[in-house]
Amino acid sequence: MNLGFALYILEISLYEPSVQELIERLSYKIGGFSIYLGVMLFLNMFLFFRGKRIAKQRRNMPATINE
């Protein structure tokens, strides 16, 4: 998913831009993709550690005996 998104946002229409314009556009797009990857990494780690904490709490709960 991340690779497909990267290829999608890195699409640049070339209508004879100067080298400076090309570098500016490319750096903007790579910067935006880096921020996207950072957000996705944070979200994945948050969900992973949240799930780990919940599983640990459930494991430590005393078993209830239904009579």
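**Exercise 1.** Which residues does Lys 29 touch, not counting residues up to four places away in sequence?

*Solution.* The model is predicted, so local features need pLDDT of at least 70 and side-chain atom pairs pLDDT 80 or more, while totals for chains, interfaces and linings use all residues. Residues are numbered from 1 along each chain as its sequence is written, and side-chain values use heavy atoms, without hydrogens and water.

Step 1. Contact means heavy atoms within 4.5 Å.
Step 2. With residues up to four places away in sequence left out, Lys 29 touches Ile 9, Leu 10, Glu 11 and Ile 12.
Step 3. Lys 29 is also 8.8 Å from Ala 6, C-alpha to C-alpha, although 23 residues separate the two in sequence.

**Exercise 2.** Place Lys 29 in the secondary structure and classify its accessibility.

*Solution.* Step 1. Helices (H or I, at least four residues) and strands (E, at least two) are DSSP runs, numbered from the N terminus.
Step 2. The protein has two helices and zero strands, and Lys 29 lies in helix α2.
Step 3. Buried means under 20% relative accessible area, exposed over 50%, and partly exposed in between (1.4 Å probe, protein chains only).
Step 4. Lys 29 has a relative accessible area of 22%, so it is partly exposed.

**Exercise 3.** Describe the nonpolar surface patch that includes Leu 41.

*Solution.* Step 1. Patch residues have over 30% relative accessible area and no salt bridge (a side-chain nitrogen of Lys or Arg within 4 Å of a carboxyl oxygen of Asp or Glu). Like charges are joined within 9 Å, nonpolar side chains (Val, Leu, Ile, Met, Phe, Trp, Tyr) within 5 Å.
Step 2. The patch consists of Leu 41, Met 45, Phe 48 and Phe 49, with about 420 Å² of accessible area together (Shrake-Rupley method, 1.4 Å probe, only the protein chains shown counting as cover for residues).
Step 3. Leu 41 lies in helix α2, residues 19-60, and counts as exposed because its relative accessibility is 53%.
Step 4. Phe 48 is partly exposed at 49%, and Phe 49 is partly exposed at 44%.

**Exercise 4.** How much of the protein is buried?

*Solution.* Buried residues make up 6% of the 67 residues. The protein exposes about 6400 Å², and carbon and sulfur atoms supply 66% of this area.
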